[in-house]
Amino acid sequence: MLVLGIESSCDECAASVLKDGKKILSNVVATQIEDHKLYMGVVPEIASRIHTEWIYGVVEEALETAGIKINEIDGIAVANRPGLSGSLMVGVSFAKGLSYGLDKPIIGIDHVQAHLYAPHIEHDIEYPYIGLLVSGGHTVIAIVKAFDQMEIIGSTIDDACGEAFDKVAKFYNFGYPGGKIIDDLSKKGNSKAFNFPRSSLHKGDHRYDVSYSGLKTSVINQLDQFWDGKSDKSPENIAASFQHVAIDMLIKKVERAIKDTSIKRVVAGGGVTANSYLRERLEKLHGIEVFLPSLKLCTDNGAMIAALGYEFLKRGYRDNLELTAISRVMAFRRGYP
Ligand code: KG4
Ligand code: ZN
């Protein structure tokens with residue numbers, strides 16, 4: 001079964017052709033990073049306009065690279081939630097046009113669920129597992145029992161983890177997007193140079209929640225004293241000390257979830273899963289099976305959309321042409337609709 005996956009929820013315009021949910025025939029990602037750099041963040045209006053210009057070429061390239069004609073695909077999967085509504089609308093409208101014109105089934109896919117599903121493309125993973133989704137827009141800890149059954153047990157109560165990386169980098173003028181830059185700087189820094197605060201949400205409903213707003217503000221507040229010439233105020237030390245706390249907070253919550261549930265399998269996804277320190281810490285979890293996406297499948301891509309779409313399409317689930325773009329996170333649903 002050949003599934004075309006389309007992703008346009010934020011600033012990557014992406015399309016991929018996947019065979020039987022596992023074999024990546026193509027995975028084209030056109031990033032708008034250069035277009036948003038000036039603003040050190042994604043400008044929604046600019047993002048949606050660029051998607052409109054790029055989407056045709058990106059899908060065409062995905063088909064060409066896969067070596068297939070458009071009418072050979074068996075179904076179309078498109079990210080329709082959550083994300084920037086204008087950006088999502090471009091991918092959804094394009095996918096609906098294809099579905100109607102070619103008379104092929106279409107399925108709307110949750111971008112967050114797809115990030116967590118990405119490691120399934122490269123690994124055979126059994127359920128249940130503790131899912132950790134960390135990206136620029138979301139930070140979620142879940143118990144995943146099936147491809148369509150995910151119980152969210154924790155999330156951020158304010159900023160997303162990747163957002164904190166991006167904001168710290170923005171204020172320190174390290175560059176955009178900040179995640180990879182802070183990761184690289186940290187390799188040469190001392191993570192103990194600063195003792196940044198960590199949130200301690202540990203009671204009741206907040207047991208698995210995290211908070212990044214206080215950590216972000218505390219790191220940014222160091223900026224006043226930053227260039228006083230002392231060596232411990234180097235960009236490398238700021239980055240390493242921030243990264244240490246930001247990642248350690250996630251690991252502590254994952255460890256807590258493992259202990260409480262006795263589930264000894266962890267799967268992670270999302271842009272921040274590219275972080276070398278997070279990967280190192282997860283891989284060191286004692287006695288736990290850990291599955292991480294390869295770097296190209298961490299950040300936004302069409303392959304993860306096609307892979308999760310395949311699971312739904314092969315079971316006969318379909319959307320109709322009333323499919324819409326939904327900007328907010330919805331309750332995850334079992335089965336479909
Ligand atoms: O999953 P993604 O492409 O988009 C969203 O769905 O948000 O994630 C993008 C986020 C950005 O915040 C970016 O700074 C972060 O992932 N990121 C990283 C790294 N590479 C990307 N964060 C930390 N370390 C990295 N190496
Ligand atoms: Zn994403």
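Helices here are DSSP runs of H or I, at least four residues long, numbered from the N terminus. The model is predicted. In this model, helix α3 spans residues 85–102. D103 follows α3 and has a positive phi, near 55°.

Helix α3 holds 18 residues. From the first C-alpha to the last, α3 reaches 25 Å, close to the 26 Å expected at 1.5 Å a residue. Several of its positions are buried: S87, L88, V90, G91, V92, A95, L98 and S99. The buried residues of α3 pack against two strands at low residue numbers, β1 (2–7) and β4 (75–81), and also against β5 (106–110). Helix α2 (44–66) is a further packing partner of these buried residues.

The zinc site comes next. The zinc ion (ligand 2) has three protein donors listed, H111 (NE2), H115 (NE2) and D300 (OD). These donors lie 2.0 to 2.1 Å from the ion. Along the sequence, the donor residues follow the spacing H-x3-H-x184-D. The four donor atoms around the zinc ion subtend angles of 93 to 132°. The arrangement is therefore tetrahedral, because four donors count as such if all angles lie between 85 and 135 degrees.

Both histidines belong to helix α4 (residues 111–117). H111 and H115 are four residues apart, about one turn of the helix. An α-helix has 3.6 residues a turn, so residues three or four places apart point the same way. Residues count as buried under 20% relative accessible area. H111 has a relative accessible area of 5% and is therefore buried. H115 is also buried, at 1%.

A five-stranded open sheet is also present, with the order β8-β7-β6-β9-β10. Its pairing is mixed. Strands β8 (149–155) and β10 (289–291) stand at the edges. Each has a single partner strand, so one side of each is left without a neighbour in the sheet. On average, neighbouring strands of this sheet are turned by 25° against each other, direction ignored.

Helix α10 (residues 276–283) packs on this sheet. Its contacts there include β6 (129–134), β9 (265–269) and the edge strand β10. The direction of α10 makes about 170° with that of β6.

At the other edge, strand β7 (residues 139–146) pairs with β8 in the antiparallel sense. Six bridges support this pairing. Within it, V140 stands opposite S155 of β8. Strands of a sheet pair through backbone hydrogen bonds, either parallel or antiparallel.

Note on methods. Residues numbered from 1 in each chain as written. Chains lettered and ligands numbered in written order. Predicted model: local features only at pLDDT ≥ 70, side-chain atom pairs only at ≥ 80, totals over all residues. Heavy atoms only, no water. Donors = N, O, S within 2.8 Å, 3.2 Å for Na, K, Ca; no water. Tetrahedral: all angles 85-135°; square planar, octahedral: opposite > 155°, others 65-115°. Buried < 20%, exposed > 50% of the residue type's maximum accessible area, 1.4 Å probe, protein only. Pairing = 2+ DSSP bridges. Axes fitted to C-alpha atoms, helices over the stretch in contact; angles between N-to-C directions. Contact = heavy atoms within 4.5 Å. Expected span 1.5 Å × (residues − 1).
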